[in-house]
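Trainee: I would like to go through this model and ask how each label is justified. Please set the values against the cut-offs.

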Amino acid sequence: MTAPIDATTTPAWAELAAAHSSFHPDLRGWFAADADRAERLSFPLADLHVDLSKNLITDEILASLVRLAEQTGVAARYAEMLSGAHINTTEDRAVLHTALRRPAGASPELVVDGQHIDTDVHEVLGRIRAFAERVRSGEFAGVTGKRVATVVNIGIGGSDLGPVMVFEALKPYADAGIEARFVSNIDPTDIAQKTADLDPETTLFIVASKTFTTLETLTNARLARDWLWAKLAEQGAIGDDEASRTNAVAHHFIAVSTALDKVAAFGIDTDNAFGFWDWVGGRYSVDSAIGTSLAISLGPDVFDEFLAGFHAVDTHVATTPLAQNVPVLLGLLNVWYVNFLGAQSHAVLPYSQLLHRFPAYLQQLTMESNGKSVRWDGTPVTTDTGEVFWGEPGTNGQHAFYQLIHQGTRVIPADFIAFANPAFPLVDGDRDVHGLFLANFLAQTKALAFGKTAAEVEAEGTTGPLVAARTFSGNRPTTSIFAPALTPSVLGQLIALYEHITFTQGTIWGINSFDQWGVELGKQLALQIAPAIEGDEAAFAAQDASTRSLLAYYRAHR
Ligand code: F6P
């Protein structure tokens, strides 16, 4: 195991600390004095145009940040990851989500721990493609021969957030009349509501779980199976006997997992199961077989295009010098904000209604990856780590929480994501509504950067205490990420961008961004508390006073 380099001991960190001690951000002044700032700090990344110019950096600070990446071995660790080294030290695993999107026949062939990675990846992709085609054409049909109209993905965390986000984002591409729904929560409301109006004869469930042990997913899968059997029997489509039920499961359940033995034990035909591998983290798995619901509903060609988008960004990261390497630069900016300017959160604000689940998706990607207090060798971190990621699509957010970003007391770096072309070109009278939407994106980043001075407020006739209330400090950092349109490839590019930003930050902080031990304790305790809920007195007595008191409230109100 390579020991993490303590970023705080590097010369670059000292440079940044010195720069920060006399730092007076002045975006107005910087832009006024430097006609090239916007152009110099805008970078191409595959189809994306990434404008860093409204961030709180000077050329000197950016150069120190790049040196920080050099001195903490970002490039070397990236190379280690790509080569299949076991950089997920606590689970002793390789981290190879980038291999999921390597094109067929990529050279040199990737062989890791004796596994022919490229061959295996493309074998599964081929099976998914063939299965998706069969469902879309109606060749694979329900038990009564009816064509599938709805796929219901049952999964949670990385086995849910990616597929649901992508389905929502690319819905305009769903051309086969197949809807996708997503059940994740163990709150029974979720499955009850999502199945309420479904016809069991046209419903295909996908049980998606990397481990195939997750309580929520397996509980929901059993509930779905009971629902299927009961509804099909009610409609006279199957009998009550074992053979009919097995046959119904074969026609209405498929699975996605790394644990195909457990899939078989659940009763799902492993011919209808798609595997992946322990070197794919849950939150890095939307481009694996976990995306099967997408290949079916959006089509395998769309899925291929989506993967190609990821690969374009992977190629950029692997081949571009650090000073122009866009995901690395964005990761470095986040380090600057978190460790030097005290940012505790980071807003992601897509100007696209289709991306309404993107911030939620990024929350798992970034926070489950970098919400850590120990480094990959088990020693404590030496700086603050993982900031809170959050957001909502513009313009809705403008009318909700932007006030705090504009005039609050905290620095909140914000990423604005926008598209030149709309999915739905509508006009209001003679006005292009998408144009109006984009004017809001541009207006917000402008207001945040440049603010409004007291003199400007007064010049409009405002006097007295209202002047301060109407003054905007400006110097609120934003990054603008602009693309021609929200295509499958562009969406893959955006996801890969944030994966690599997360990796850069994790490396600088010395974190293993690929484990998630912090979620285990709650899972274990839930299993210990469940008997107390069900009336087991010994389990009740074993709880702490607060938990006992809450259990008593529950018992009194049930
Ligand atoms: O919440 C922890 C976690 O392990 C996530 O990392 C993962 O995405 C999720 O649970 C679901 O796990 P699985 O795909 O194994 O059901």
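Mentor: Start with a definition: a helix here is a DSSP run of H or I with at least four residues, numbered from the N terminus. The model itself is predicted.

Trainee: How do you know that Glu-368 lies in a helix?

Mentor: Glu-368 falls within residues 358–370, the run that is helix H15.

Trainee: Why is Glu-368 called buried?

Mentor: The cut-off for buried is 20 or more other C-beta atoms within 10 Å. Glu-368 has 22 within that distance, so Glu-368 is buried. Beyond its neighbours within four places in sequence, Glu-368 is in contact with Arg-283 and Gln-516.

Trainee: What makes His-399 count as buried or exposed?

Mentor: A residue is exposed if 12 or fewer other C-beta atoms lie within 10 Å. His-399 has 9, and therefore counts as exposed. His-399 sits in the loop between strand E11 (388–390) and helix H16 (402–407).

Trainee: Which residues does the UniProt annotation "active site" cover?

Mentor: According to the unreviewed UniProt entry, the annotation covers Glu-368, His-399 and Lys-523. These residues are spread over 156 residues of sequence and also in space, with up to 37.0 Å between C-alpha atoms.

Trainee: Which residues are closest to the ligand, and how does the shell around the ligand divide?

Mentor: The ligand is surrounded by 14 residues, and the closest are Gly-157, Gly-158, Ser-209, Thr-214 and Gly-282. The shell divides into 2 nonpolar, 9 polar and 3 charged residues. Gly is counted as polar in this division.

Trainee: Now the sheet. Why do E1 and E11 stand at the edges?

Mentor: The open sheet has 6 strands in the order E1-E2-E15-E12-E10-E11, with mixed pairing. Strand E1 (42–45) and E11 each have a single partner strand, so one side of each has no neighbour in the sheet. Ignoring direction, neighbouring strands of this sheet are turned by 20° against each other on average.

Trainee: How do you know that E2 pairs with E15?

Mentor: Pairing needs at least two bridges found by DSSP. Strand E2 (residues 48–51) and strand E15 (residues 478–483) have 3 bridges, in the antiparallel sense. His-49 has Phe-482 in E15 as its bridge partner.

Trainee: What makes E1 and E2 a pair?

Mentor: Against that cut-off of at least two bridges, E1 and E2 have 4, and they too pair in the antiparallel sense. Ser-42 stands opposite Asp-51 in E2. The hairpin of E1 and E2 has 2 residues between the strands, and Ala-46 takes a positive phi near 50° there.

Technical notes: Residues numbered from 1 in each chain as written. Predicted model: local features only at pLDDT ≥ 70, side-chain atom pairs only at ≥ 80, totals over all residues. Near = placed C-beta within 6 Å. UniProt positions renumbered as here; feature names shortened; annotations may be inferred. Contact = placed C-beta atoms within 7 Å. Axes fitted to C-alpha atoms, helices over the stretch in contact; angles between N-to-C directions.
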